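User: Please take a close look at one helix pair in this structure. I would like the geometry and the contact residues, then a little of the surroundings in the fold.

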Amino acid sequence: MASFSTYDVQKTILAQPSLIANRMELWLEKEAVQLPLYIPIFVGIGIAAWFILGANNWHYIIIPSIILSGIGLVAKLKSRLSLVALMIGLSIIVGWSAISLRSHTISSPILEKPWVGHIYGRIDRIEKLPARAMVRLTLDTEARQSLPEKIRINLSNEQYDDSFTAGSIIKSKVRLLPPAGPAVPGAYDFAQRAWFDGLGATGSALGEVTLVNAAQSNITISNTRDQIATKVREEIPGRAGAIGATLASGDRGAIAMEDAEAMRRSGMAHLLAISGLHVTAVVMMSFFIIAKILSLFPSFALRHRVPIYAASIAALIAIFYTILTGAQVPTIRACIAACLVLAALIMGRDPLTLRLVAFGALFIMLIMPEVLVGPSFQLSFAAVATIITLHETKFMQKLVHRREEIWIKAFGRFLLSLFITGLFIEIALAPIALYHFQKTGIYGALANMIAIPLTTFVIIPSGIAAFIFDTIGLGAPFWWICGQSIEMILKLAHYVSNLPAAITTVAAIDMSLYAIIILSGLMIMIVKSNYKYFALAPLLIAFIMLLRTPSPDILITGDGRHLAVKNEGVGGNRDEMLLLRTRAGSYIRELLNENAGFDGEASDIANWPGAQCSPDICIITLKKEQGDSEEGESEAGKQSLWTLLATRSNQFVPRLELAAACKRVDIAVSNRYLPYDCKPKRLKIDRAFHDKSGGVALYLSSSRIRNVASEQAHLPWSEYNENRPTTYPHKRQ
């Protein structure tokens, strides 16, 4: 029997350099129909690379992409492999170019530091927030007197006047701040949203706000949206009216905090974002009503194809509804998809395919590439792609196939298909929700079995009917039906959110794990051959690691005022979150809870076992099991003690007393400058430290530290970017 040495095997492989290429060519031939679906994926990779690397590091992604495209061109596109190489390279370049161009064209100076003074501004947008007892105005200052061109200010209900409409010019004394970045590593970055919205400053009005010039006309989309929201809240009183106003106009300002949180915890928060569900219901109702009305005229129905006219008018209504509700990303995506579906129906084509989803995603990424990294885009497209992929399987096609049977069996199959669809959507959306919000619902599939049909077939149709019949004074019954149905959903949300283990929480997640999950999921959806199952292993491993993401032991906000310590429960005890300043507002509490992966009510740090706290200073000792340190030295199994000193007031502490205390602790934290002779054993985090690093997360078990500056400095809107465009109104206003 002949035997082969390692050398012989290597020689054989080298003698056939085209073997791997031929295998790939055969595989690509089988996947030829799916290849266009990869274009938006690699465009997205180009956009994501811009956010990860920063605009100045373009050579790390553009040069390899040019080389890859060049390889495809050199091969003269004679094979699918060369065509794919060209497609990948060009798609990445297009994605990078789209976000670079978008960032450059909308960039405007940002307020350099806090400022107080008088301003004039034209109102661009009005957001009424009854739940928070305030009104938010977006103003155009025309960049006068070195102010940012667009700013946003908050007014109390007493400061606001009904004469303030879009287009009006007002004047007021204001306190302005630069848009805030992440308070701690991994937290929400409002500065990013402000950059792409063109906002250069945010703040609040001080004292009286005066109308200088009234708007020429009150007929604007903003005013129409406000009138519709007000009408709904008048007809449907209470908390149900706030939800109804959201469904009708996209105005979420009146929703109470506890109701919004209950919707999130129950997995039904998607009902509050105008998306595919709502647009589909509006288009369905519009198409049905218009088709029936046109059919009442025999002379028209016999000469023309009624479905074409009905579909065309329904598409216009979908576009109007999208604009009316604020043209948010899910609504735009749903509107594009609805218009494509209607166009396909007119042409007699099958509209429900992944190609439709891919086209919609590509269209949005090219005009608004920044939405790729936001949860709205990812959640909406992931949900739709999951539904289409699931319903392409033989099992689901057999389950939903119509057949002759008694109604109870048909209804049972409908409920089963709805549950399976909801379950798979929950599974698909869980990593996205955990990455962006650090929490996801457990019972969402069950809750949505009731909420989705109720919204689609009762709430939205009854709301539309209420507006129509109000024109002849008969809308009251429909308003009652709509309000009672919304009340049912709210009761369901509160019930589900209060169930044991209603949500799963994790700490801020590593981006690389998230990327593995997303790419593996896309491979499973798109690839048709059995090679798709190779993606299951990295998907499951990354998801398990995601759920086991270690929580930071200490979180410190960028201003140094707020410090949270997480005490992980052992021996059946519950986890605890302890705050340095217990008077922290709900926003800070929620922010620290989310990024520490904690679901509960934080308490005073003085409750820490053995804590030594005065009104000015707290000293606590933490016992942590050592893991692998950053230097790679494994000390797993060992325990170490960490002593933490933190100031929690602005009261003067004698210098010698503070210096002596610092020498006895490992970490000293303060929101002010600590004296030079305050020298803790390991780390001093004071005002000087925060000015350079921002918010901090400490992982004591692995001796690891994360800070906002190192993760944000490459982004053009970051306060830690030395090249950020800034302005400051030095002149007296």
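What follows is a request about a helix pair and one connected reply.

How do helix H17 and helix H18 pack, and which residues make the contact?

Analyst: This is a predicted model. Two packed helices are described by the angle between their axes and the distance between the axes. Helix H17 spans residues 407-437, and helix H18 spans residues 444-470. Their axes lie 8 Å apart, at an angle of about 125°. That angle falls outside the 65 to 115 range for roughly perpendicular and is not over 145, the cut-off for roughly antiparallel. H17 and H18 are therefore oblique to each other. Their crossing is right-handed.

On the H17 side, the contact uses Leu415, Leu418, Phe419, Gly422, Leu423 and Glu426. H18 contributes Gly444, Ala445, Leu446, Asn448, Met449 and Pro453. By class, this contact has eight nonpolar, three polar and one charged residues.

Elsewhere, five strands close into a barrel. Their order is E2-E3-E4-E6-E5, with mixed pairing. Neighbouring strands of this sheet are turned by 50° against each other on average, direction ignored. Within the barrel, E5 (residues 169-177) pairs with E6 (residues 201-213). The pairing is antiparallel and runs over nine bridges. Val174 stands opposite Ala205 in E6.

One more site is Thr643, in strand E15 (residues 639-647). Its relative accessibility is 16%, so Thr643 counts as buried. Leaving out residues up to four places away in sequence, Thr643 touches Ile619, Ile620, Thr621, Arg664, Val665, Asp666 and Ile667.

Note on methods: Residues are numbered from 1 along each chain as its sequence is written. This is a predicted model: local features need pLDDT of at least 70, side-chain atom pairs count only at pLDDT 80 or more; totals for chains, interfaces and linings use all residues. Side-chain values use heavy atoms; hydrogens and water are left out. Two strands pair if DSSP finds at least two bridges between them. Helices (H or I, at least four residues) and strands (E, at least two) are DSSP runs, numbered from the N terminus. Axes are lines fitted to C-alpha atoms, for helices over the stretch in contact, and angles run from 0 to 180 degrees between N-to-C directions. Buried means under 20% relative accessible area, exposed over 50%, partly exposed in between (1.4 Å probe, protein chains only). Contact means heavy atoms within 4.5 Å. Angles under 35 degrees count as roughly parallel, over 145 as roughly antiparallel, 65 to 115 as roughly perpendicular and the rest as oblique. A crossing is left-handed if the near helix is turned anticlockwise from the far one by less than a right angle, and right-handed if clockwise. Ala, Val, Leu, Ile, Met, Phe, Trp, Tyr, Cys and Pro count as nonpolar, Asp, Glu, Lys and Arg as charged, and the others, Gly among them, as polar.
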